[in-house]
Amino acid sequence: MSAPPVDAALRDRVATMVSTATDGEVTTEEILTGGGSLAALGVGSLAVLRLVDALDDELGVQLDLDTPGTHLDDFDDLVRTVQERAVADDLVRTVQERAVADDLGRTTQRPAVADDLGGTMQERAVRDD
């Protein structure tokens, strides 16, 4: 089975992030045209740590260097991993947000209390919406 296609805009953005992590010692163009091994391009371990922080800060993608399957040496594998994690993280975030919204919906409903303005507070809230 072939690998999923890499988003070109994401590839460009990650290349820029890699270049920034190296303080410009490796240019975006070198990364995009060279592809392949980041180490072979001159991306050192400090730059990799900076890159991991930048991916988390800018894209919300967390990469754990100790986790098997975290591809950081090959540029296109890195972009593919970021793309897959971004999609997975969005899905997880959506599920978590829905769960929180459901919990809030259950905890914020108040018992119906009659008021002197005609109807219960809940009935008025529905009418006001």
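From the N terminus on, the elements of this chain follow the order α-α-α-α-α-β-β-α, that is, six helices and two strands (DSSP runs, with helices being H or I of at least four residues and strands E of at least two, numbered from the N terminus). The model is predicted, so local features need pLDDT of at least 70 and side-chain atom pairs count only at pLDDT 80 or more, while totals for chains, interfaces and linings use all residues. Residues are numbered from 1 along each chain as its sequence is written, and side-chain values use heavy atoms, with hydrogens and water left out.

**Exercise 1. Find the core**

Task: Work out which residues of the largest nonpolar core touch the most other members, and which helices each supply at least two of its residues.

Solution.
- Step 1. Start with burial: buried means under 20% relative accessible area, exposed over 50%, and partly exposed in between (1.4 Å probe, protein chains only). Of the 129 residues of the chain, 25% count as buried.
- Step 2. Join up the core, defined as a set of buried Ala, Val, Leu, Ile, Met, Phe, Trp, Tyr and Cys residues connected through side-chain atoms within 4.5 Å. The largest such core has 23 residues, and Val 14, Val 18, Leu 55, Phe 75 and Leu 78 touch the most other members.
- Step 3. Assign helices: H1 (8-21), H4 (45-59) and H5 (75-108) each supply at least two residues of this core.
- Step 4. Zoom in on Leu 55. Not counting residues up to four places away in sequence, Leu 55 touches Val 14, Met 17, Gly 60, Val 61, Leu 63, Leu 78 and Val 82 (contact means heavy atoms within 4.5 Å).
- Step 5. For background, nonpolar side chains tend to be buried together in soluble globular proteins.

**Exercise 2. Read helix H4**

Task: Compare the span of H4 with the expected one, then find where its buried residues lie around the axis.

Solution.
- Step 1. The expected span is 1.5 Å times one less than the number of residues. For the 15 residues of H4 that gives 21 Å, and the end C-alpha atoms are 20 Å apart, which agrees.
- Step 2. List the buried residues of H4: Ala 47, Val 48, Leu 51, Val 52, Ala 54 and Leu 55.
- Step 3. Look down the axis: these buried residues fall within an arc of 165°, so they line one face of the helix (the arc is that of the directions from the helix axis to the C-beta atoms).
- Step 4. Recall that an α-helix has 3.6 residues a turn, so residues three or four places apart point the same way.
- Step 5. Turn to the face away from the buried side, where the exposed residues Ser 45, Leu 46 and Asp 57 sit.
- Step 6. Leave the helix: H4 is followed by Gly 60, with a positive phi near 70°.

**Exercise 3. Trace the salt bridges**

Task: Search the whole structure for salt bridges and describe those made by Arg 11, Arg 13 and Asp 23.

Solution.
- Step 1. Apply the criterion, a side-chain nitrogen of Lys or Arg within 4 Å of a carboxyl oxygen of Asp or Glu. The search finds four salt bridges.
- Step 2. Arg 11 pairs with Asp 76, the closest N and O atoms being 2.8 Å apart. This pair links distant parts of the chain, with Arg 11 in H1 and Asp 76 in H5, 65 residues apart.
- Step 3. Arg 13 pairs with Glu 58, with closest N and O atoms 3.7 Å apart. Here H1 holds Arg 13 and H4 holds Glu 58, and the two residues are 45 residues apart. Arg 13 is partly exposed at 39% relative accessibility, and Glu 58 is partly exposed at 45%.
- Step 4. Asp 23 pairs with Arg 50 at 2.9 Å between the closest N and O atoms. Asp 23 lies in the loop between H1 and H2 (28-34), and Arg 50 in H4, 27 residues apart. Asp 23 is exposed, at 57%, whereas Arg 50 is partly exposed, at 35%.

**Exercise 4. Follow Leu 10 to Gln 83**

Task: Decide whether Leu 10 is buried or exposed, and list its contacts beyond four places in sequence.

Solution.
- Step 1. Leu 10 is in helix H1 and has a relative accessible area of 16%, so this residue counts as buried.
- Step 2. Leaving aside neighbours within four places, Leu 10 is in contact with Leu 59, Val 79, Val 82 and Gln 83.
- Step 3. Check one C-alpha distance: Leu 10 and Val 82 are 72 residues apart along the chain, and their C-alpha atoms are separated by 8.7 Å.
- Step 4. Cross to Gln 83 in helix H5, which is buried at 18%. Its contacts, again not counting residues up to four places away, are Pro 5, Val 6, Asp 7 and Leu 10.
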